[in-house]
Structures are given as structure tokens and as C-alpha cells.
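Biologist: Please take a close look with me at one part of this model, and show me how that part packs against its surroundings. I would also like to know how far to trust the model there.

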Amino acid sequence: MTEHDPELLNVAPGEPHDSMLSETLSYVLGLGLALALTGVSFWVASTSTLWGPGIATGLVVLAIAQMGVHLVFFLHITSGPDNANNVLALAFGVLIVFLVMIGTIWIMHHMNTNMGPEPNMMNLQMQRG
Amino acid sequence: MSSASEAPAIGLTHSASEDTGLGHRGPESKSIVVPYGFWLFVLSDMVLFSALFATYATLVHATDGGPVTNELFDRNLVAIETFALLISSFVCGLAMITAKRANMVWTQAWLLITGLLGFVFLSIELYEFSTMIAEGAGPQRSAFLSSFFTLVGCHGAHVTAGLLWLGTMMAQIWAKGFQPHIMRRLLCFSVFWHALDIIWVAIFTIVYLIGTLP
């Protein structure tokens with residue numbers, strides 16, 4: 001890169017520069033954030049000071065945040081111009097992942113509540129396969 | 001414009017392409033196309049895992065009178081596993097930085113540490129699996145345990161494949177040096193390895209932490 005390269009002045013977080021120090025720094029920063037988020041996750045899961053029913057949601061939010069940290073600082077998915085294809089593919093992947101997970105959990109939950117086995121079917125259902 | 005072909009890359013970003021899409025060039029160079037194609041594979045792998053996660057979430061309470069999550073999982077072991085895999089992912093990034101500068105000694109050293117930490121992770125997982133099976137909590141005990149072993153075991157199988165790939169890459173770098181096609185393979189490996197850590201974040205949160213809430 002030359003000194004006139006505008007990217008040097010306007011670089012998205014996680015975008016690698018061409019110096020070894022800044023590249024390493026990007027990984028160190030990512031590691032620090034990931035360790036912090038992991039630590040908070042384990043603390044949230046074991047503390048009794050937080051409101052119990054909200055803990056599971058909080059843990060999921062922390063996990064999504066940590067995935068974002070990994071994507072930006074380790075995989076270098078950024079908002080830079082070179083990354084449009086990667087970001088679009090990621091967006092599509094995330095869409096499918098959420099459709100599969102939320103769709104399955106939603107539908108199966110309702111089937112579980114509304115379509116319990118008939119009493120005379122219970123013996124069949126309870127058999128261990 | 002800087003040279004557009006075969007620029008060494010790190011992560012999924014490359015520094016060479018500044019094309020604005022106006023179409024004065026031919027197809028992108030392999031250093032761009034190959035990581036993009038591999039990124040698509042990694043994303044489809046995540047879709048596969050999302051199906052396993054959905055299965056697990058559906059079946060987690062179908063324990064058939066057998067052991068439940070709170071009785072089975074040991075958070076301390078999971079914390080060590082998580083730490084080992086995270087540091088492994090980080091060290092893999094350091095290996096990419098030194099590989100970009102064709103530093104053989106440091107690249108091999110970082111890759112070795114990456115592999116050893118991956119091996120630590122895998123050993124703990126196998127220990128956990130064998131303990132559970134010895135206690136009668138094997139995959140055939142209940143629907144919950146079937147889905148647990150499928151989900152976590154699939155991730156473990158990916159880590160195993162990654163370790164084999166890592167050993168192959170170390171040998172290829174040693175034998176062939178930092179040629180462009182070797183660097184592309186190494187880049188794909190690093191993307192794979194980082195992706196496995198991302199999937200593990202979901203596993204330790206959904207399976208182990210939420211599963212062991214009081």
C-alpha cells in the first residue's frame with residue numbers, strides 16, 4: 001500500500017493493514033474481546049444475582065456477540081469494499097440458519113403442545129426404540 | 001493500482017482487488033475466488049449445524065426417564081475446552097501472519113501449537129463422551145442423548161478432520177514452501193478452523209451453559 005491509499009485512513013475494524021504489528025493487534029484485540037465475552041457468559045450462567053428467567057436470553061445474546069467478534073477479528077469479514085460478496089453470502093447463510101432454527105423450534109413446540117399422543121397410543125409412544 | 005493477482009491474503013480479506021465492478025478486467029484471481037468458494041462451503045456447513053441445533057433444541061427434554069442435562073455436564077471441563085479452542089483459533093491467526101511473510105520456523109511453530117490445542121480440546125471431548133457412555137448415558141439411551149451426541153460429535157468430527165488437514169498443511173509448507181497454491185490451502189484451513197470455533201461458541205452456550213442453568 002502507498003501512503004496515498006485512502007484505505008489507510010479509512011479502515012473498517014478488523015481489516016488487516018500491511019504491517020505485522022497491526023495485523024497481530026487485530027487478532028489480540030479479537031482474542032481479548034472473545035475471552036471477555038466467554039468469561040461473562042460463564043459468570044452469567046453461574047451467578048444468582050441476575051433475574052433467572054432472563055439468563056438464557058442473555059447467554060444467547062452474548063454468544064451472538066462473540067460470533068460477531070470472531071467474524072470481524074479472526075475471519076476479517078468487514079464492511080470494506082472487497083468484502084461485499086463475503087458479507088452477502090454471510091447474510092444469506094444467517095437467514096437460512098435462523099429460518100431453520102426458529103422455524104423448527106416454533107413448529108415443533110406447537111406440535112408438541114397440540115398433538116400429544118392419544119391415550120390408546122401411549123403404549124406405542126412410550127416404547128423405547 | 002497494485003498487482004491484482006496472487007496477493008497473499010489473510011482471513012477472508014485480500015488487499016489487492018480495487019475493482020469497482022466496471023468490468024475492465026477478467027475473472028478474479030484464484031486468491032479471491034478460492035477463499036470465496038470455501039467461504040460458501042463453510043456457510044453451508046453452518047446451515048447443517050443449524051439443523052442439528054434445531055433437533056437438539058426440540059429433543060432436549062425428551063429424556064425418557066434417563067439422565068438430564070444438569071446431571072451430565074461438567075462446566076469446568078467445558079471451560080477448559082472453550083479456552084483451548086479459542087487460543088487455538090488465535091494462534092492459527094498468528095500462523096497466517098507469519099506465513100504471509102514466508103517465515104518457516106514461526107509458521108510451523110504456531111501451526112504446531114494450533115494443532116496441540118486442538119488435540120487438547122478433542123481429548124477432553126472424548127473423555128467426556130467415554131465417561132457418559134460408561135455411566136449408561138450413551139447415544140441410544142434417549143432422544144435427548146442421541147441429538148446431543150450427533151450435534152457435539154459432528155463438531156468433534158470436524159475438529160478431527162481439521163487436525164488431519166493441519167498436519168497435511170504443515171507437511172506441504174515444509175516440503176513445497178510458501179507457494180501461492182499452498183498459501184490458498186492454508187488460508188482455507190484457517191477459515192475452516194475459525195468457523196469451528198464459531199460453532200463451538202453456539203454449542204457451549206446452548207448445550208452446556210443453558211443446559212446447566214440451576
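**A helix and its neighbours**

Modeller: Happy to! Chain A has an average pLDDT (the predictor's confidence in each residue, from 0 to 100) of 81, and 74% of its residues score at least 70. This is a predicted model: local features need pLDDT of at least 70 and side-chain atom pairs 80 or more, while totals for chains, interfaces and linings use all residues. Residues count from 1 along each chain as its sequence is written, with chains lettered from A and ligands numbered from 1 in written order.

Let me begin with confidence. Within chain A, α3(A) is the most confident helix (DSSP runs of H or I, at least four residues; strands are E runs of at least two; both numbered from the N terminus), with a mean of 94, whereas α1(A), residues 6–9, has the lowest mean, 47. Residues 1–10 of chain A have a pLDDT below 50, and in the model this stretch has 4 contacts (C-beta atoms, placed from the backbone, within 7 Å) beyond near neighbours in sequence. Chain B has an average pLDDT of 88, with 88% of its residues at 70 or above. Its residues 1–7 stay under 50, with 14 contacts beyond four places in sequence. Where pLDDT is low, the predicted coordinates should not be read in detail. For the model as a whole, ipTM is 0.83 and pTM is 0.84.

The part I would pick is α3(B), which covers residues 75–100 of chain B. Just after this helix comes Ala102(B), with a positive phi near 55 degrees.

Inside chain B, the partner of α3(B) is α6(B), and their axes (lines fitted to C-alpha atoms, over the stretch in contact for helices; angles run from 0 to 180 degrees between N-to-C directions) come within 10 Å and cross at roughly 160 degrees. That makes the two helices roughly antiparallel (over 145 degrees; under 35 is roughly parallel, 65 to 115 roughly perpendicular, the rest oblique). On the α3(B) side, the contact residues include Arg75(B), Val78(B), Leu85(B), Ser89(B), Cys92(B) and Met96(B). Among those they meet in α6(B) are Met183(B), Leu186(B), Trp193(B), His194(B), Asp197(B), Trp200(B) and Tyr208(B).

Helix α6(B), residues 180–209, also has α1(B), residues 30–59, beside it: these axes come within 10 Å and cross at roughly 20 degrees. This makes α1(B) roughly parallel to α6(B). From α1(B), Val34(B), Phe38(B), Trp39(B), Phe49(B) and Tyr56(B) are among the contributors, and they face a set in α6(B) that includes Leu187(B), Val191(B), Phe192(B), Ile199(B) and Ile206(B).

Now for the other chain. Helix α3(B) also packs with α2(A), at about 170 degrees and with the axes 10 Å apart. The two are therefore roughly antiparallel. Met20(A), Tyr27(A), Leu31(A), Leu35(A) and Phe42(A) are among the α2(A) residues in this contact, and Ala79(B), Phe90(B), Leu94(B) and Ile97(B) are among their partners in α3(B). Thr82(B), Leu86(B) and Gly93(B) meet α2(A), and they are also listed in the contact with α6(B).

To put that pair in context, 44 residues of chain A contact 39 residues of chain B. On the chain A side, two or more residues come from each of α2 (20–46), α3 (55–74) and α4 (84–114). Helix α4(A) gives the largest share there, 12 residues.

Methods
Contact = placed C-beta atoms within 7 Å.
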